[in-house]
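Me: I would like to learn how to read the enclosed spaces and the surface of a protein model. Could we go through them one feature at a time?

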Amino acid sequence: MSIKRSGQWRSILLRHCLVLLLLVLQNIPHSPCQADAFTFLRSFSVRTKSHSSPAPFHRRTSSRLQDSLCNSAVNATSLDNLPAEASIAAPFISKSTRGSSTNNRRQLDLMWCQEEYCKDAVRERVVGHNNQIYLNGPATGQVAYHWTTRDDESAKSIINDSAKTDVPLNQQALPTVLLLIRPGDDDLLCIAANAVKKLTCDEKHSNVRVLLDPSTAARLKYYHGVGDDHICLFEVKPTPGYGSDLSSSSANSPRSSSNNKKLSATVRYDDIDKLVPNTEYTPDLICTLGGDGLLMHAGMIFQGPVPPILCVSGGSLGFLTPFRPEEMVDAIRVALGLVTQDEDCNILNSDNDKNGTGPKPHRDMGDNVYPPNMPSYPYEPLGKPPAAIAAPSAAGQVNGGDVAAASTQLPPFSFGRDNRICLSIRMRLECTVISREGTVRARYNVLNEVVVDRGSSPYLAALECFCDDVHLTTVQADGVIFATPTGSTAYSLAAGSSVVHPAVPCILVTPICPHVLSFRSMVFPDHVVLRCYVPDDARAVASVAFDGKHRQELARGDSVQIRMSPYPVPTINRDDHSSDWLSSLKRNFNFNSRARQQPL
């Protein structure tokens, strides 16, 4: 009898040692000996099943502990998920762990999954013991930038790169701005000539290198006497992997797959330098002097990464141009970090700003951003025009006789917030034309929209649309518009779509004159891949245009693939992205404008 009882206790002691061993093994991720240990535990439990002692309690304990360890190995959970009975075999576990709940022993892990890969979720998190899903913050926000000093390693790499070129290092260190001017406007050319002279030959401020295209440089030299020592030439060259006629070179594209049938969704950051235009100087800033079309032209030039763009109004509408021509020189210096502003909106040298506070927040009340019915902002009673606006007409424009009065009431120049310049990160669409055979014919990054329509055909366009390879709808209309949030106030707005804030990451799909009553505009998240296909039974071929340019014919069997581009267009805000956007809506489109209701 004593021999039998001693054998039972040896079995219990051996079981405790095995449990301690499993507790050690569970801390080793993906250990190959864990499965063997679990198998041995099962067989050992079967062999000792006939013993009559407190063994059933320990068998139950080891079984629950085994299940918990298995779940821990699979789900990568911690020791907090072990049952309370494990304290018998593991006395070193804390009391808080021994008292934890056993109802929820699994942890929820969230991931973001794309077409080819998954990664840990950034915004969504799991908190608490009951796997509550929690949003860590908004999906988007106001982006701002400021200039800092490079570290030692980056500075050494720049010096090594400068040794390979013929340009001295002190010349490479000059801040560089690319100036784009609307062609055919002599007034804007005169403004640009004066700006170039101030930027390149100013004793009070640091000089700036100005890049110009050859035709504009020749006109400035001939008509305004701007010498070659003030400017450098910038020649537009095609971006590798983008443009038309890619059938022969699509295999060498940075983002195409080996079989040219399925494009990669992963951004290859080692290829970014290859997408920058191959010029002697790379601009730190782009300044456009013209209208909204000039901004889209800058996006077409830089199909890859785009420097920050400062848009100066010189066109007819100016929805995306918040700066005035007389502010261009000061705005360029502030955007390049060469000067700062004091509390009175006076331009100061960056060397004099020893506290590093820079420009203070300032709202341009002259743009009438806020509606008059908000009590927190002052407004004039009915019957009088707002004090900050000089007699606007019904169309929102200043009458010809009041231009001088309006110029005297304009607010002082100011932009930026606490030495940081606000940006609108404007999403672009990467549009790829794929033939029936699967070869890539063309690829463009568009800022506003890509339009697939019937072209010159008298028949309705017959198109099949897909979202992530799931059939979306059959389009029987004049065409369909795939627009960005920036393009929501362009062609898509004229077609009846919604107006979308530029910071919203989405893709708009808007039909053009659909021959049906139930086809409405749709909004998709930015991670989806849309495809527009011309079926074989279509009456005629279709046509595609990218921001109104580079129109191509789509034969039967051809398709256009639309996805988010990894290279957005950053535009500099005068105040912030919401203030500039709402100001443009009210100033250009008279957004929600009507006579105010009289009080009772």
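Reply: On a 1 Å grid over the protein atoms alone, a cavity is a set of points where a 1.4 Å probe fits but cannot get out, and its lining residues have an atom within 4 Å of a point. Grid points are joined across faces, edges and corners, and a volume is the space filled by probe spheres set on the points. This is a predicted model, in which local features need pLDDT of at least 70 and side-chain atom pairs count only at pLDDT 80 or more, while totals for chains, interfaces and linings use all residues. Residues are numbered from 1 along each chain as its sequence is written, and side-chain values use heavy atoms, with hydrogens and water left out.

Me: How many cavities of 30 Å³ or more are there by this rule?

Reply: The count is five, and the largest cavity holds about 160 Å³ of space.

Me: Which residues lie nearest the centre of the largest cavity?

Reply: Of the 18 lining residues, Phe 319, Leu 320, Arg 426, Asp 580 and Trp 581 lie nearest the centre. Helices (H or I, at least four residues) and strands (E, at least two) are DSSP runs, numbered from the N terminus; helix H15 (577-589) gives the most to this lining, with four residues.

Me: Is Val 499 buried or exposed?

Reply: Buried means under 20% relative accessible area, exposed over 50%, and partly exposed in between (1.4 Å probe, protein chains only). Val 499 lies in the loop between helix H14 (491-494) and strand S19 (506-514), and is partly exposed because its relative accessible area is 34%. Helix H12 (residues 328-335), by contrast, is mostly covered, with seven of its eight residues buried.

Conventions:
On a 1 Å grid over the protein atoms alone, a cavity is a set of points where a 1.4 Å probe fits but cannot get out, and a pocket is an open set with protein on both sides within 12 Å along at least five of seven lines; lining residues have an atom within 4 Å of a point.
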